[in-house]
Amino acid sequence: MRDAETQGLVLYSRNYKEKDKLVKIFTESFGKRMFFVKNFGKSPYASSLQAFTDGKLTATINDGGFSFIEDVSEVVVYKNISADIFINAHASYIISLADAAISDNQYDPALYGFLKRSLELLDQGFDMEVVTNIFELQVLHRFGVSLNFSECAFCHKTVGPFDFSYKFSGCLCPRHFDEDLRRSHLDPNVIYLINLFQEISLDELKKISIKAEMKAKIRQFIDGLYDEYVGIHLKSKKFLDGMSGWADIMK
Ligand SMILES: [Zn+2]
């Protein structure tokens, strides 16, 4: 048990007993921790502990059991994420991916920073599908998955077009297409963009525009990668998938 100060991003909260809540916070200094907040409705920090909120915590951190909040300051609320159901659904999915990618209590300030930056970009109106795809690809390492989309797995040629082979867990150039008769037959622009998304720093991300048809191809390919190599089924992802139908209705 120790008293500490750390930045922290609220992942989610749930009711606990009658009036209390458990709030899961991704802290910069101590990884993801579950905080117990007694009598939540009357807590002076209730509004600072909503989802999509980042702040500076003064807290008692326990390595076994719950941690406790003593103070929250410098609170940043991602207002557009809270207000827009589409941005909200993308942010919720990114948050649940970050939650699934590492164990609780595991120190990972890089993932904390990456998650926070992703939410900032969503809040600022960057393309939500693109930000989500970048997050999905760059978090793969945390699931123990390392894929190279920059060269042919056989001859290491770095200039495309490339296709993807699940058999070799890598890309194939046209000279090596026949190594895998069941290669993915992707649009080569998919691999080009996937490689770009895997390498890009969020700080370099400009507002880019990708056609809906290409976005759908990228979505389908990343879903395939997650099915094959990660194998998690998140409720927030199912919700997001179901939502793509509404977007057309609400236009
Ligand atoms: Zn090759």
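**Close-up 1. Asn 39 and Lys 17, two loop residues with a positive phi.** Asn 39 is found in the loop that runs between strands β3 (31-37) and β4 (53-61). Although Asn 39 is not a glycine, its phi is positive, at about 50°. How exposed is Asn 39? Its relative accessible area is 30%, so Asn 39 counts as partly exposed. As in every view here, you are looking at a predicted model. Now turn to Lys 17, which belongs to the loop between β1 (2-16) and β2. Lys 17 is not a glycine either, and its phi is positive at about 55°. With a relative accessibility of 67%, Lys 17 counts as exposed.

**Close-up 2. An edge-to-face pair made by Phe 26 and Tyr 112.** A search through the whole structure turns up 13 aromatic pairs. In one of them, the rings of Phe 26 and Tyr 112 meet edge-to-face, with 5.9 Å from centre to centre and 65° between the planes. Where do the two partners come from? Phe 26 belongs to strand β2 (residues 20-27) and Tyr 112 to helix α3 (residues 109-123), so the pair links distant parts of the chain, 86 residues apart. Both Phe 26 and Tyr 112 are buried.

**Close-up 3. A stacked pair, Tyr 166 and Tyr 229, and its cluster.** The rings of Tyr 166 and Tyr 229 are stacked, with 6.0 Å between their centres and 20° between their planes. Tyr 166 sits in the loop between β6 (163-165) and β7 (170-172), while Tyr 229 sits in helix α6 (residues 212-230), so this pair ties together parts that are 63 residues apart in sequence. Tyr 166 is partly exposed, at a relative accessible area of 28%. Tyr 229 is also partly exposed, with a value of 22%. Which residues make up the aromatic cluster around this pair? Together with Phe 149, Phe 164 and Phe 221, the two tyrosines form one aromatic cluster.

**Close-up 4. Charged ends over rings.** Look for Lys 21 beside Phe 40: the charged end of Lys 21 sits over the Phe 40 ring, 5.2 Å from the ring's centre. A similar picture involves Arg 183, whose charged end sits over the ring of Phe 177 at 3.8 Å from its centre.

**Close-up 5. Helices α2 and α3 packed together.** Helix α2 (residues 85-101) packs against α3 at an angle of about 175°, and their axes are 10 Å apart. That angle makes the two helices roughly antiparallel. Which residues make the contact? From α2 come Ile 87, His 90, Ala 91, Ile 94, Ile 95 and Ala 98, and from α3 come Leu 111, Leu 115, Ser 118, Leu 119 and Leu 122. Sorted by type, these contact residues are 9 nonpolar, 2 polar and no charged.

**Close-up 6. The cis peptide bond between Gly 160 and Pro 161.** The peptide bond leading from Gly 160 to Pro 161 is cis, and its omega is near 5°. Pro 161 lies in the loop that joins α4 (128-138) and β6.

**Close-up 7. Lys 215 and its contacts.** Lys 215 is part of helix α6. Is Lys 215 buried or exposed? Its relative accessibility is 18%, so Lys 215 counts as buried. Setting aside neighbours within four places in sequence, Lys 215 is in contact with Asp 127, Glu 129 and Ile 210.

Technical notes: Residues are numbered from 1 along each chain as its sequence is written. This is a predicted model: local features need pLDDT of at least 70, side-chain atom pairs count only at pLDDT 80 or more; totals for chains, interfaces and linings use all residues. Side-chain values use heavy atoms; hydrogens and water are left out. Rings of Phe, Tyr and Trp (its six-membered ring) pair if their centres lie within 6.5 Å; planes under 30 degrees apart count as stacked, over 60 as edge-to-face and the rest as tilted. Helices (H or I, at least four residues) and strands (E, at least two) are DSSP runs, numbered from the N terminus. Buried means under 20% relative accessible area, exposed over 50%, partly exposed in between (1.4 Å probe, protein chains only). A charge sits over a ring if NZ of Lys or CZ of Arg is within 6 Å of the ring centre and within 35 degrees of the ring normal. Axes are lines fitted to C-alpha atoms, for helices over the stretch in contact, and angles run from 0 to 180 degrees between N-to-C directions. Angles under 35 degrees count as roughly parallel, over 145 as roughly antiparallel, 65 to 115 as roughly perpendicular and the rest as oblique. Contact means heavy atoms within 4.5 Å. Ala, Val, Leu, Ile, Met, Phe, Trp, Tyr, Cys and Pro count as nonpolar, Asp, Glu, Lys and Arg as charged, and the others, Gly among them, as polar.
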